Structure formats: structure tokens, C-alpha cells
Amino acid sequence: SLRERNIESVWHFAASLRFEQGQSSELMAENVGGTRNAMAVAKAVAAKAFAALQTGQIKGRKFKVEIVR
């Protein structure tokens, strides 16, 4: 299993290049949902570090992502 491999860090790179009007809920699901999934993997393998790089363009309101240790 991955947990037995002593994974030190998980890196998550995500971007969507679709910025059409009316796509905000899909972009949010991809960016936030994908980050949550990657964080769950990092937790499952007991990684010591998690790094994320998100989409190339940020618009809209700010939101908080909970850091789970």
C-alpha cells in the first residue's frame, strides 16, 4: 500500500483554462474538490507535507480551505 512507502510529501497541481461565463460552479468543484481529494490522499498516506498550485487566474470572492493535520 502507499502508506507503507513512507511518502514524505504530496504535490497537487491543478488548473482549468475554461473561464466562460456561467462555469463558476464547475470551476469551484474542480479546484476545491480536487484539492480536498488530494489533501485526503496526503492524510491517508500520512505525508508530512502538502503543497498545492492552483489555477492560473483567480476571480471572485475569497474562500477558506481548512488545513487538516
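**Exercise 1. The surroundings of H12**

Leaving aside its neighbours within four places in sequence, which residues is H12 in contact with? Work this out on the model, which is a predicted one, and then place H12 in its strand.

*Solution.* Begin with the position of the residue: H12 lies in strand β1. Next, list the residues that touch H12 once its neighbours within four places in sequence are left aside, which gives G34, T35, A38, F50, A51, A52, L53 and Q54. Then turn to accessibility, where the cut-off for a buried residue is under 20% relative accessible area; H12 has a relative accessible area of 14%, so H12 is buried. Finally, look across to the neighbouring strand, where the bridge partner of H12 in β2 is A52.

**Exercise 2. The order of the elements and the pairing of the strands**

Describe which elements the protein chain contains, in what order they run, and how the strands β1 and β2 pair.

*Solution.* Count the elements to start with: the protein chain has one helix and two strands. Reading from the N terminus on, these elements follow the order β-α-β. The two strands β1 and β2 pair in the parallel sense, and five bridges join them. Contacts can be considered for the chain as a whole as well: among those between residues at least 6 apart in sequence, 75% join residues at least 24 apart. As for burial, 22% of the 69 residues of the protein chain count as buried.

**Exercise 3. The two faces of helix α1**

Check the span of helix α1 against the expected value, and then decide where its buried and its exposed residues lie.

*Solution.* The helix α1 covers residues 24-44, and at 1.5 Å a residue its 21 residues should span 30 Å; because its end C-alpha atoms are 29 Å apart, the two values agree. Now collect the buried residues of α1, which are L27, N31, V32, G34, T35, A38, M39 and A42. Seen down the axis of α1, these buried residues fall within an arc of 150 degrees, and therefore they line one face of the helix. The exposed residues S25, R36, N37 and K43 are carried by the face of α1 that is turned away from its buried side. What covers the buried residues includes the strands β1 (9-13) and β2 (49-53).

One of the buried residues can serve as a test case: T35 is found in helix α1, and T35 has a relative accessible area of 9%, so it counts as buried. Not counting residues up to four places away in sequence, T35 touches H12, E30, F50 and Q54.

**Exercise 4. The two faces of strand β1**

Sort the residues of β1 by face, and find the aromatic pair of the structure.

*Solution.* In a regular strand the side chains alternate between the two faces of the sheet. In β1, V10 and H12 make up the covered face, while S9, W11 and F13 make up the uncovered one. A search of the whole structure finds one aromatic pair. This pair is formed by W11 and F13, and it is stacked, with 6.1 Å centre to centre and 10 degrees between the planes. For the accessibility of the two residues, recall that exposed means over 50%: W11 has 58% relative accessibility and so counts as exposed, and F13 is exposed with a relative accessible area of 56%.

**Exercise 5. A salt bridge and two unusual phi angles**

Locate the salt bridge, and then find where N6 and A46 lie and what sign of phi each takes.

*Solution.* The count of salt bridges comes to one. The side chains of E8 and K48 meet in this salt bridge, at 3.7 Å from N to O. The pair links distant parts of the chain, since E8 is in the segment before β1 and K48 is in the loop between α1 and β2, 40 residues apart. E8 counts as partly exposed at 46% relative accessibility, whereas K48, at 63%, counts as exposed.

For the second part, remember that most residues other than glycine have a negative phi. N6 has a positive phi of about 55 degrees although it is not a glycine, and its place is in the segment before β1. A46, just after α1, takes a positive phi of about 60 degrees, and A46 is not a glycine either.

Conventions:
Residues numbered from 1 in each chain as written. Predicted model: local features only at pLDDT ≥ 70, side-chain atom pairs only at ≥ 80, totals over all residues. Heavy atoms only, no water. Helix = DSSP H or I, 4+ residues; strand = E, 2+ residues; numbered from the N terminus. Expected span 1.5 Å × (residues − 1). Buried < 20%, exposed > 50% of the residue type's maximum accessible area, 1.4 Å probe, protein only. Arc of directions from axis to C-beta. Contact = heavy atoms within 4.5 Å. Pairing = 2+ DSSP bridges. Phe/Tyr/Trp six-rings, centres within 6.5 Å; stacked < 30°, edge-to-face > 60°. Salt bridge = Lys/Arg side-chain N within 4 Å of Asp/Glu carboxyl O.
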